[in-house]
Amino acid sequence: MKKLIAANWKMNPKTPQEATALFEETVRVANHIDADVVICPPFQYLGLLMDKDRGSTMLGAQDVFWEQTTGAFTGEVSAAMLSGEHVKYVIVGHSERRTILKETDEVIRKKVQAAIAEGLTVILCVGEPLEVRELGINVAEEFVLSQIEKDLEGAKIRDEENLVIAYEPIWAIGSGKPETPENSASMARKIKEYIREHWNVTVRVLYGGSVKAENAEAFLSEHDIDGALVGGASLKAQEFAGILKATS
Ligand code: PGA
């Protein structure tokens with residue numbers, strides 16, 4: 001399987017002009033590498049960017065509502081609205097939504113199912129908080145597998161197009177202090193085993209949390225790490241280009 005590099009722009013950048021410039025620069029580099037690249041801008045820019053030339057670069061959304069099609073749900077966007085030829089991926093369960101917006105595993109589970117039912121590839125984010133990690137790597141693994149168990153309960157995962165898992169230790173996100181590639185690879189192995197045991201499918205597992213151009217290669221050269229989910233560094237075209245180049 002090719003490596004997958006996903007850019008999570010979060011609530012950035014401020015203007016459509018900046019979004020277009022960042023998108024175009026990223027696509028220019030992505031066209032020359034042999035990896036899958038997906039850019040997840042805010043909803044507001046998805047419509048704008050889907051009309052641009054993007055070669056093989058794919059688009060993803062940062063969230064989705066759990067009712068599949070249409071209805072009286074002010075402010076929400078459905079999986080049916082997102083799916084189509086333009087948007088292929090959707091991030092679900094990012095730790096910022098779990099903590100700031102108080103999304104529960106039940107909410108995440110419903111979103112995962114709605115997105116898969118509409119043919120989107122879910123990038124499910126999981127990861128432990130610092131107080132859990134401080135209890136040891138085994139406790140962190142238990143925590144992450146239990147998140148996956150709750151978030152994927154009843155999910156119809158038939159192949160690797162349905163699901164990607166992003167392992168993002170919460171303490172590593174935006175902190176400049178990533179987990180080590182070795183520990184992340186070991187977590188990725190555990191996650192893959194779990195998914196294989198329950199669905200008989202091998203999915204890609206990404207690492208996320210302070211991935212930068214200077215450390216990308218160390219993560220990507222781990223056999224069990226199938227790519228990266230990149231926040232802050234995806235907003236700087238040069239820095240992100242460095243991460244993309246580390247895939248080859
Ligand atoms: P970061 O964010 O790369 O800025 O640490 C990763 C994420 O939140 O997906």
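# Strands, crossovers and a helix pair

Guide: Start with Pro 13, which lies in the loop between β1 (4–8) and α1 (16–30). Helices (H or I, at least four residues) and strands (E, at least two) are DSSP runs, numbered from the N terminus. This is a predicted model, where local features need pLDDT of at least 70, side-chain atom pairs count only at pLDDT 80 or more, and totals for chains, interfaces and linings use all residues. Residues are numbered from 1 along each chain as its sequence is written, and side-chain values use heavy atoms, with hydrogens and water left out.

Visitor: Is the peptide bond from Asn 12 to Pro 13 cis or trans?

Guide: The bond is cis, with omega near -15 degrees.

Visitor: Which side chains of β6 are on one side, and which on the other?

Guide: The general idea first. In a regular strand the side chains alternate between the two faces of the sheet. Now the case of β6 (residues 163–167), where 5 of 5 residues are buried (under 20% relative accessible area with a 1.4 Å probe, protein chains only; over 50% is exposed, and in between is partly exposed). Leu 163, Ile 165 and Tyr 167 are on one side, with Val 164 and Ala 166 on the other. Both faces are covered.

Visitor: Which strands are joined to β6 by bridges?

Guide: Two strands pair if DSSP finds at least two bridges between them. Strand β5 (residues 121–126) runs parallel to β6, with 5 bridges. There, Cys 125 stands opposite Ala 166. On to β7 (residues 204–208): 4 bridges join this strand to β6, again in parallel. Tyr 207 of β7 is the bridge partner of Tyr 167. From β6 the chain crosses to β7 through helix α8 (residues 181–199), in a right-handed β-α-β crossover (with the strands pointing away from the viewer, the path from the first strand over the helix to the second runs clockwise).

Visitor: At what angle do α7 and α8 pack?

Guide: Two packed helices are described by the angle between their axes and the distance between the axes. Here α7 (residues 137–151) and α8 pack at about 40 degrees, with axes 10 Å apart. Axes are lines fitted to C-alpha atoms over the stretch in contact, and angles run from 0 to 180 degrees between N-to-C directions. The crossing is right-handed (the near helix is turned clockwise from the far one by less than a right angle). Contact (heavy atoms within 4.5 Å) involves residues including Val 144 and Ile 148 of α7, and Met 187 and Ile 191 of α8. By class, there are 9 nonpolar residues (Ala, Val, Leu, Ile, Met, Phe, Trp, Tyr, Cys, Pro), 3 charged (Asp, Glu, Lys, Arg) and 2 polar (the others, Gly among them).

Visitor: Where is Asn 200 found?

Guide: In the loop between α8 and β7. Its phi is near 60 degrees, a positive value in a residue other than glycine. Asn 200 is exposed, at 70% relative accessible area.

Visitor: And where is Lys 102 found?

Guide: In the loop between α4 (95–99) and α5 (105–117). Lys 102 has phi near 60 degrees, positive though the residue is not glycine. Lys 102 counts as exposed because its relative accessibility is 63%.

Visitor: Which strands pair with β8?

Guide: β1 pairs with β8 in the parallel sense over 4 bridges, and Ala 6 stands opposite Leu 229. Both faces of β8 (residues 227–230) are covered: Gly 227 and Leu 229 on one side, Ala 228 and Val 230 on the other, are all buried. β7 and β8 also pair in parallel, over 2 bridges. Gly 208 has Leu 229 as its bridge partner in β8. The chain passes from β7 through α9 (residues 213–220) to β8, and this β-α-β crossover is right-handed.
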